[in-house]
Each structure stands twice: as structure tokens, then as C-alpha cells.
Amino acid sequence: MRDFTVGNEAKILLNFSVPLVIGNLFQNLYNIIDSIIVGNYLGKEALGAVGASFPIIFTLISLVIGVGSGASTVVSQYFGAKQMPQVSKTIDTIFIFFLASSLVVSALGIYFSEAIFKLLQLPAELMPEAVTYMSIYLTGMFFFFGFNGITSILRGMGDSKTPLYFMILSTFLNIALDLLFVIVFKWGIAGVAFATVIAQAIAFFTATWYLNKKHPVIKLTLRNYVFDRDIFKSCIRIGLPTGFQQSFVAFGMMAIMAIVNGFGVNAVAAYSAAIRIDSFAKMPAITFSSALSSFTGQNLGAFREDRAKKGLKITLIFSLIYSVFISIVIIFSGQYLIKLFTADEGVIAIGQDYLVIVSSFYLLLAVMFTLTGFLRGAGATFVPMLTTLTALYVFRIPLAYFLSDLLGVNGIWWAEPAGWTAGTIILIIYYLSGKWRGKVVVKNPSTNEAKKAPL
């Protein structure tokens, strides 16, 4: 198990971040290949149906995932303080929560899926496939929550390599089952959803078996689970702001999707393809932020603010360098990337415009993600939540409505970097104020002890 309080900060962050980046890139690579298969073998209507489903799915899972992120922060802080019994109790508590939540999310999503699509004014020709896809996908929520819970807890304990192996397994299973169900069995959009559920289930059971056999701390067996109310309250306190943030982001994504739906099937299909590439491009910066959260949590748990700040600086440098590189790549190759998903010229033109506009502002996003990761690791999650909501609801969504009337569908794309600008400014001001200090779960018994904390 890697101890974040020992060694050179840059090396530690790289050792933790690189497997995390690779794992998340594999996950996003699956999403891209999945959409390529759908777009080329099932058509632009199916591509649009899958893309239209994701904002709704994200809305249903976001609150639960937010609480899970709070548990990951609690784990990292207890682990940094060497309080292993508390680490074990936190893991038990969050998995009981995941089990209950998965049943609720699946039932609500399946029952209300068609009504939600109608509310968002999804084009009628996309409706049947979108409902089919989402209904099947939601049956696998427990496997989704469980698998992501295992990987986030391992990362909170400083182990980023084991989640990488599980992620690679899940990705290749997804791709293989997609090809089998769509191309060989001809199951259509249902085959895409079944492939995801089955791959997640296999990955979850494999990860559970491995942890029970090999891991010194994590043991996943329902017979010995203990639900600790105090720990759950800490997870809620830290994770709920993130959960609310993600929920409101998800509602905002649905609002954006509703605006895109108004421009027809080509716009929906183009948006579905372009956000796959956009998500893939942004993932390393998001992953650096996630690594920084664990690094910050463990060092602040060990009362080493100086090392946490060094981690912030190093992560920012990594993210900025990467953002410049990926912006250049996407600006000059956006058209060819969209062509991977479809041969429809109308879809390609709209998707290319999205990629060029949005990728030109990745530098802003790198700063925003880095500061958010640091503040979450410190346990100061309320202001990042408020910042995200302000950027989305005060700037991006109103501007998307307004600019789409003036500029057409491109107005929706220009609204996104405007929101990033506002969010970055707010986070910089809050970080410089120093009001994020003192939010960690583990309290320092004396200021002298903090100064004497070992390297």
C-alpha cells in the first residue's frame, strides 16, 4: 500500500496518477468504441438514443456517487492517520448504502424513463430505442455502484494499480460483448445495454473475489458487514455537497440536452459523438484532480499542509501541459474524429464545430478541476458545489438558450467555456482566502504535533 506522506511529491503523484489516468482512459475508450459500433452498425438514430440516455442516467446515479466520493475522502483521511479499523468500518458502511441505493435507482429509472424523454422533447424517432437502452442499462445499477465503490476506495487508500487491472478487464469485456451482441447476434440497441450490464457484473464479482482473497484490509462479505452511523454521517457531510453538485450538474445536462433535442436528430447524434471525444480528452485532467484529492486528504490527515500545497502546484503543471497538447490535437483533427462515428455529413459538421469551440478552452478547465480536487481532498466540498452550480445555472444554461437563438446550435457550444470561466474565477478567490482549512475529519490534537509530523 502506498503511503502518500513519504517521498517526493511529484513522483508520488505520478505513480498514483498514471495508473488512474490509464484506467479512466480505458473506460472512456470503451464509451467511444461503444458509440462507434452503434453509429456505424445501428445508425445515427441509435447513436442519438444512447447519447440522450446518459444525462438521465447520470441524474439518477449522481447523488449516490457523490456520497461514495465522500466515503473515499473519509477512507483516505483515516488511512493517512493509520486508523485502520475506521477504514474497514467506512468500507462496510458505504457498501450497505450502495446496495440499498441501487434498488431505488433502478426502480425509479425504469418506471419513469419514457416520461422523462418526453419531457425533454426527444425526437420521436429516437424514443423507442432510448427507452429500451436505458431500461436494460439500469438493471445493472448494483454492479455499477459496487464496482465503482471498490475502485474509489482502493484509490483512497493509495492503490491505483489494482483498479487499473479491473478497469481494463471491464473495458475489454464491454467491447467484446458489444461486437458479439450487435454484429453477430443482431440484438440492436438492447445488445449494447446487455453488454454493459454483463461486463460490469463480471468485473464486480471478479474484484470482490480478488479483494476477499488478497487484500489485507478490504473484505466484502454481507455476513460481517457493520453499518456505522457516525461514519455514514461523515460520508454524508463530505459527500453530500458533491452529490448535490453532481445532481444539479445532471439536471443541467438534461436542460442542455433538451435544447440540443430542439435542433433535430443530426444535432443529437453529433452531440452524442462529440461529447464522447470531449470526455476522453478531459479525462486525464479529471484524473489528476482525483489523484490530488486522495493526496491532499492523506497529507492533511497527517497534518502536512505544506506537502498538500506542493501536490496542488505539481498537479496544476501536469494538467496545464496536457491541456495545451490535447487542445491542439482536437482542433486540427476534430472532423476526422467525428467521422469515426458516422458518415453523415450533417452530423460531422455539427460535431466538428462542438469540438473546435470547446477544446479551445481546456486550459480554463484544467485550473478548475485542479482546485476542485484539492478542496475536496481537504473536505471543503461546499464551495466547489456552489461554484459548479453558478457556472452551470447562472452562465451556461441561460447563455445556451440565448445564444442558440442567435447562433443556432453553435450557441449551445459557446455557452460551455463561458461557464468554465466563471467557475475558475470563483475557485481561485476561495482558495486564496484560506477558508478551506480545518475541514478534515481527523483533528490535530495539538498544533505542535502538526509541526513535528514526520516526513
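Which residues line the second largest cavity? In this predicted model, the lining consists of A281, K282, A285, Y322, S323, I326, Y362, L365, A366 and F369. The cavity they surround has a volume of about 40 Å³, and the count of cavities of 30 Å³ or more comes to 2. Two or more lining residues are contributed by each of helix 9 (265-301), helix 10 (305-339) and helix 12 (362-377). Helix 12 makes the greatest contribution, with 4 residues. Sorted by class, the lining holds 8 nonpolar residues, 1 polar residue and 1 charged residue. The general basis for such a search is that rolling a probe the size of a water molecule over the atoms shows where empty space is left.

The confidence of the prediction was examined next. The mean pLDDT of the protein is 87, and 92% of the residues score at least 70. Among the elements, the highest mean pLDDT, 97, belongs to helix 11 (residues 345-359), while the lowest, 43, belongs to helix 15 (residues 447-451). Residues 1-7 have a pLDDT below 50; in the model this stretch nevertheless has 29 contacts beyond near neighbours in sequence. The pLDDT is also below 50 over residues 447-455, a stretch with 11 contacts beyond near neighbours in sequence.

Packing of nonpolar residues was then considered. In soluble globular proteins, nonpolar side chains tend to be buried together. In the present model, the largest nonpolar core comprises 127 residues. Those with the most contacts inside this core are I91, F95, F117, Y133, V260 and W413. Helix 2 (residues 44-80) supplies the largest share of the core, 16 residues. For Y133, the contacts outside its neighbours within four places in sequence are V50, S53, F54, I57, I189, V192 and A193. Another core, of 5 residues, lies apart from the largest one; its members include L177, F181, A195 and A199.

Two residues of helix 9 were examined individually. S272 lies in this helix and has a relative accessibility of 1%, so it counts as buried. Leaving aside neighbours within four places in sequence, S272 is in contact with L47, G48, G51 and A52. F280 also lies in helix 9. Its relative accessible area is 27%, and F280 is therefore partly exposed. Not counting residues up to four places away in sequence, F280 touches L25, N28, L29, I32 and Y322. Of these contacts, Y322 is also part of the lining of the second largest cavity. The C-alpha atoms of F280 and Y30 are separated by 9.9 Å, although the two residues are 250 places apart along the chain.

Q200 is placed in helix 7 (residues 189-214). At 9% relative accessibility, under the 20% limit, Q200 counts as buried. Residues touched by Q200, not counting those up to four places away in sequence, are Y137, G140, F143 and F144. Between Q200 and I110, which are 90 residues apart along the chain, the C-alpha separation is 18 Å.

Several loop positions were also inspected. A81 is found in the loop between helix 2 and helix 3 (84-119). With a relative accessibility of 24%, A81 counts as partly exposed. The C-alpha atoms of A81 and N299 are 9.0 Å apart in space, whereas 218 residues separate the pair in sequence.

Q121 is located in the loop between helix 3 and helix 4 (127-137). Its phi is near 55°, a positive value in a residue other than glycine. The relative accessible area of Q121 is 58%, and the residue is therefore exposed. K186 lies in the loop between helix 6 (161-184) and helix 7. Phi of K186 is near 60°, again a positive value in a residue other than glycine. K186 has a relative accessible area of 63% and so is exposed.

How values were computed: Residues numbered from 1 in each chain as written. Predicted model: local features only at pLDDT ≥ 70, side-chain atom pairs only at ≥ 80, totals over all residues. Heavy atoms only, no water. pLDDT = per-residue confidence, 0-100. Contact = heavy atoms within 4.5 Å. 1 Å grid on protein atoms, 1.4 Å probe; cavity = no way out; pocket = protein on both sides within 12 Å on 5 of 7 lines; lining within 4 Å. Points joined across faces, edges and corners; volume = space filled by probe spheres on them. Nonpolar A, V, L, I, M, F, W, Y, C, P; charged D, E, K, R; others polar. Buried < 20%, exposed > 50% of the residue type's maximum accessible area, 1.4 Å probe, protein only. Core = buried A, V, L, I, M, F, W, Y, C linked by side-chain atoms within 4.5 Å.
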